[in-house]
Amino acid sequence: MQTEATAAQVDVSELDLVKRCQAGQTEAFDELVTRYRTRVFAMIYNMVHNEQDAWDLAQESFVKAWKSIKRFRGRSSFYTWIYRIVMNVTIDWLRKKQVKGAGAEFDDSVQLREIDPASKTVPKADPLPHERMERSEVRVRIDNAIAQLSPDHRAVILMKEIEEMQYHEIAETLGCSIGTVMSRLFYARKKLQNSLRDVYENV
Amino acid sequence: MKTFEEKWTAWLDGQLSGKELIEFEASLADKAAAEAEKRDAKKLGALLKEELGLRALNNEEFFSHQLRERIARETTQDPHRERSTFWTVPHLVWSGATALAIFLICAIAVMREKNPGPQSEYLTQILNARVDPAVSPNATTYVLEAKKDKVTVLWVEGLQSLPVDYAAK
């Protein structure tokens, strides 16, 4: 899993912050939010492909985390714990959206209309215009391919490939077995390889 | 026992080792094709990491500010939050167990205090044997006897004729 500080620093100070949160100190929770807001937002964004929805779901996840922080026992890392909340909130939202839209969530045309190809894609060193255009096309292809996966498969592939989480961490986050995680990874990879073969062969 | 999908995933991610790795690679029909797919999976992972890892949160401070306001608002709107946390699962289990125990204690106490009901003061007998079925096929005869008062009532239904030995004296 990615870390922004060394593991020891994160663990010690994080536990301290959590204890202060449990004592009702909102400043400590603010510190935890500052640490994880970008990664939480990015994870949700990659799941829902819409900035406003990702913002709202990230807010919702942090509010739920605050409300249930007293039940955090420290058996797992804080990040795994909050990720579990994030995944529950996001997957629930995706399932409800899927039911309401009668499957429209996985419709390519809908996804293409909803996604702003240039949103949040500008790297620090500005690419040339033709590079930017190519990059946007690649991003749309990837978003489109991910949108075709079920919420559970999306969660697994993103946690493995983007967050570099271990199987057991993913299993803990999603509340399923390691075997289920590996099986979902197998099918998610197969689908993405079929959809994106020409993209990763040429990029 | 791992399924093929689990072994394949573990193999792609370099999580197989020793005997398990040798056995799995030996079971592959076309190892060259499998290695090519492994390379594909690595490329896919790198592509996802490169493209999706760039997404950033704009207005980070505003995000935190909005969250702080929302938490403050929800905390003031929900002053009973502390009290509602009492009903956690362990508390519910303990409350249920206590209520059940109290109920059982009361039930046993009531059952012990309750005496068996008095025996009926009437003794009822059916005396079909004394009615001739040829004469009165549907007849039934009851004798009701109040022991305490030493009174006996003979109740007969469906008689076609009164037997001789039933004649009142």
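In which pattern do helices and strands follow one another when chain B is read along the sequence? Before I answer, let me say that what we are looking at is a predicted model, and that everything I describe this morning should be heard with that in mind. Read along its sequence, chain B follows the pattern α-α-α-α-α-α-β-β-β, which is to say that there are six helices and three strands in this chain.

Let me stay with chain B for a moment. Of its 169 residues, buried residues make up 10%, and if we take the contacts in chain B between residues at least 6 apart in sequence, 21% of them join residues at least 24 apart.

At the start of the chain we have helix H1 of chain B, residues 4-12, where the buried residues are Glu6(B), Trp8(B), Thr9(B), Ala10(B) and Leu12(B). What do these buried residues of H1(B) pack against? They pack against H9 of chain A together with H3 of chain B, so that partners from both chains are involved. After H1(B) comes Gly14(B), and its phi is positive, near 70°.

Turning to the strands, E2 of chain B, residues 140-146, and E3 of chain B, residues 151-157, pair in the antiparallel sense over seven bridges. If you would like to follow the register on the structure, Thr140(B) stands opposite Glu157(B) of E3(B), and Tyr142(B) has Trp155(B) in E3(B) as its bridge partner. The hairpin that these strands form has four residues between them, and there Lys150(B) takes a positive phi near 55°. Is E3(B) largely in the open or largely buried? Of its seven residues the number buried is zero, and E3(B) therefore lies largely in the open.

Now to the place where the two chains meet. The contact takes 35 residues from chain A and 31 residues from chain B. On the chain B side, helix H1 (4-12), helix H3 (31-52) and helix H4 (60-77) each supply at least two residues, and the largest share, ten residues, comes from H3(B). By character, the residues on this side of chain B divide into 13 nonpolar, seven polar and eleven charged.

Within that contact I would like to look at one pair of helices, namely H9 of chain A, residues 178-202, and H3(B), whose axes come within 10 Å and cross at roughly 80°. These helices are therefore roughly perpendicular to each other. From H9(A) the contact is made by Arg189(A), Leu192(A), Gln193(A), Leu196(A), Val199(A) and Tyr200(A), and from H3(B) by Asp40(B), Ala41(B), Lys43(B), Leu44(B) and Leu47(B). Taken together, the residues of this contact divide into seven nonpolar, one polar and three charged.

One of the residues just named deserves a closer look, and that is Leu196(A), which is found in helix H9 of chain A. Why do we call Leu196(A) buried? We do so because 22 other C-beta atoms lie within 10 Å of Leu196(A), where 20 or more are needed for a residue to count as buried. Leaving aside its neighbours within four places in sequence, Leu196(A) is in contact with Arg141(A), Ile142(A) and Ala145(A), and also with Leu44(B) and Leu47(B). Ile142(A) is 54 residues away from Leu196(A) along the chain, and yet their C-alpha atoms are separated by 7.1 Å.

H9(A) has another helix packed against it within its own chain, H8 of chain A, residues 167-174, with axes 8 Å apart and an angle of about 105°, and these helices are therefore roughly perpendicular to each other. Here Tyr167(A), His168(A), Ile170(A) and Ala171(A) of H8(A) meet Ile178(A), Val181(A) and Met182(A) of H9(A), a contact that divides into six nonpolar residues, one polar and no charged.

Let me finish with the core. In soluble globular proteins, nonpolar side chains tend to be buried together. In this model the largest nonpolar core has 64 residues, and those with the most contacts inside it are Phe41(A), Ile44(A), Ile82(A), Val86(A) and Val156(A). Helix H2 of chain A, residues 26-48, gives this core its largest share, twelve residues. As for Val156(A), not counting residues up to four places away in sequence, it touches Ile170(A), Val181(A), Arg184(A), Leu185(A) and Ala188(A).

Technical notes:
Residues are numbered from 1 along each chain as its sequence is written. Chains are lettered from A and ligands numbered from 1 in the order in which they are written. Two residues are in contact if their C-beta atoms, placed from the backbone, lie within 7 Å. Ala, Val, Leu, Ile, Met, Phe, Trp, Tyr, Cys and Pro count as nonpolar, Asp, Glu, Lys and Arg as charged, and the others, Gly among them, as polar. Axes are lines fitted to C-alpha atoms, for helices over the stretch in contact, and angles run from 0 to 180 degrees between N-to-C directions. Angles under 35 degrees count as roughly parallel, over 145 as roughly antiparallel, 65 to 115 as roughly perpendicular and the rest as oblique. A nonpolar core is a set of buried Ala, Val, Leu, Ile, Met, Phe, Trp, Tyr and Cys residues joined through C-beta atoms within 7 Å. A residue is buried if 20 or more other C-beta atoms lie within 10 Å of its own, exposed if 12 or fewer, and partly exposed in between; C-beta atoms are placed from the backbone. Two strands pair if DSSP finds at least two bridges between them.
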